[in-house]
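The exercises below are to be worked with the sequence and the 3D structure at hand. Each task is followed by a stepwise solution.

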Amino acid sequence: MDVIKGGSTTSRLLGCLVVGQVIGSLYCWRQARHERRLRTSERNGRMKAERNLLSKNSKKGNATIDFIGEILAPFADRNGTPRQPGIVPSALSILKLKSAIIAPESLRGLVEYGHIYVLFWFHLNTNQGRSLQHKPLVAPPRGGGQKIGVFACRSPHRPNPVGLSLVEVVAVDERKGEITVRGLDCIHGTPIVDIKPYIPEAERPPTDTLRSPSWVQMSYDSSNWTRYTITYTKEATVGLTNLEHLHSKWCSSVDDFIRETLQTDFRSARQKNIVNFEGSLRLQKILIRYNINMNDETVTVTAVELRESPVDS
């Protein structure tokens, strides 16, 4: 009898344990379901509020853009900054992201791409604050004086002053939140709106559909370019030799940078009418003075010297 009683007690204890486990599991399940419902409700509430705000702003025609970083570029002034990407391939720029709002993990996998799109803000436009009152017709520098619609060219003076450039990825530093790119056509300090990878498998259009206006084709036809012979004075050669060591962050070579930049003849239409033109440009703290002679199609670099620059970093 004692054995039987002992067995019955053990069975009852095991039964109680099983029932307890079932009740505990049921309680945990109900608690988890309750928390999921709360999270879903909160998420739906946030989404509804965001939709309402978006709808309200859309009706007003408003939106808010938070710049995610800034561009650290070799071009210290607008004078000398190329008007299109890839024209000065030796130029290296750094896309510096704001660590306060952009986590390092945001850059994970980006180094596997060869090129990226950089969306940026034309912050030095002279019509800031009234960009929606833009002129519908503009005369592109390469357009030969003709006026075309603002949406048919890449003028910085647009309803929303957003620029877009496709550039080569050189390096990605996730820890620092920095992307080094080649050939970007932006001035130092330009705000970054967004960064997107270029996917050639999806975005490369069929060759037979590619077309552009005749004025664009002519402007990029190298046979129409003035091929300047670029030389250095003795003083400029000495300066170049002494300052070449400063190039590593901003360009692959100071000499290449100077030649590529000056070969583009970035002067305005008015300046191009000056037969013997004297000018200057800056590669950060390096000041470059030059003379363009239209008669013999030569560019003489007269000085390469170190000057303090307030925009260097």
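A salt bridge is counted here when a side-chain nitrogen of Lys or Arg lies within 4 Å of a carboxyl oxygen of Asp or Glu. The model is predicted, and side-chain atom pairs count only at pLDDT 80 or more.

**Exercise 1. Salt bridges**

Task: State how many salt bridges the rule gives, then place the pair Asp 77 and Arg 282 in the fold.

Solution.
Step 1. Applying the rule yields seven salt bridges.
Step 2. Between Asp 77 and Arg 282, the closest N and O atoms are 2.7 Å apart, and the cut-off is 4 Å.
Step 3. Asp 77 sits in the loop between E1 and E2, while Arg 282 belongs to strand E10, so this pair ties together parts that are 205 residues apart in sequence.
Step 4. Asp 77 has a relative accessible area of 27% and is therefore partly exposed. Arg 282, with 16%, is buried, because buried means under 20%.

**Exercise 2. Two further pairs and a network**

Task: Find the elements that hold Arg 182 and Glu 168, and the separation of Arg 259 and Asp 255 within helix H5.

Solution.
Step 1. The salt bridge of Arg 182 with Glu 168 has its closest N and O atoms 3.4 Å apart.
Step 2. Arg 182 is in strand E7 (residues 178-182) and Glu 168 in strand E6 (residues 162-173), so the pair ties together parts that are 14 residues apart in sequence.
Step 3. Both ends have some accessibility: Arg 182 is partly exposed at 27%, and Glu 168 is partly exposed at 34%.
Step 4. Arg 259 and Asp 255 form a salt bridge with an N to O distance of 3.0 Å. These two residues are four apart in helix H5, which means a separation of about one helical turn. Arg 259 is partly exposed, at 31% relative accessible area.
Step 5. Arg 289, Glu 305 and Arg 307 are joined into one network by salt bridges that share partners.

**Exercise 3. Strand pairing**

Task: Which strands pair with E1, and in what sense? Then trace how E3 is joined to E8.

Solution.
Step 1. Strand E1 (residues 69-72) pairs with strand E2 (residues 92-97) in the antiparallel sense, over four bridges. Within this pairing, Leu 72 is opposite Ile 94 of E2.
Step 2. E1 also pairs with strand E8 (residues 190-197), in the antiparallel sense and over three bridges. Here Gly 69 is opposite Ile 192 of E8.
Step 3. Strand E3 (residues 115-121) runs antiparallel to E8 and is joined to E8 by five bridges. The bridge partner of Ile 116 is Pro 197 in E8.
Step 4. Read together, the pairings give E8 both E1 and E3 as partners.

**Exercise 4. Positive phi angles**

Task: Gln 284 and Glu 297 have positive phi angles. Locate each residue and decide whether each is buried or partly exposed.

Solution.
Step 1. As background, most residues other than glycine have a negative phi.
Step 2. Gln 284 is not a glycine, yet its phi is positive, about 50 degrees. Gln 284 lies in the loop between strand E10 (276-283) and strand E11 (286-293). Its relative accessible area is 1%, so Gln 284 is buried.
Step 3. Glu 297, also not a glycine, has a positive phi of about 55 degrees. Glu 297 lies in the loop between E11 and strand E12 (298-306). Its relative accessible area is 37%, so Glu 297 is partly exposed.

**Exercise 5. A contact across the sequence and a charged patch**

Task: Describe the surroundings of Asp 265, and list the residues of the positive surface patch that includes Arg 36.

Solution.
Step 1. Asp 265 occupies the loop between helix H5 (254-263) and E10. With a relative accessible area of 10%, Asp 265 is buried.
Step 2. The C-alpha atoms of Asp 265 and Pro 82 are separated by 9.4 Å, although the two residues are 183 residues apart along the chain.
Step 3. The positive surface patch consists of Arg 36, Arg 37, Arg 39 and Arg 43.
Step 4. Arg 36 is part of helix H1 (residues 2-60). At 40% relative accessibility, Arg 36 is classed as partly exposed, and the patch rule asks for over 30%.

How values were computed:
Residues numbered from 1 in each chain as written. Predicted model: local features only at pLDDT ≥ 70, side-chain atom pairs only at ≥ 80, totals over all residues. Heavy atoms only, no water. Patch = residues over 30% accessible without salt bridge, like charges linked within 9 Å, V, L, I, M, F, W, Y side chains within 5 Å. Areas by Shrake-Rupley, 256 points an atom, 1.4 Å probe, with all protein chains shown as cover. Lys, Arg positive; Asp, Glu negative; His and termini not counted. Charge placed at Lys NZ, Arg CZ, Asp CG, Glu CD. Buried < 20%, exposed > 50% of the residue type's maximum accessible area, 1.4 Å probe, protein only. Pairing = 2+ DSSP bridges.
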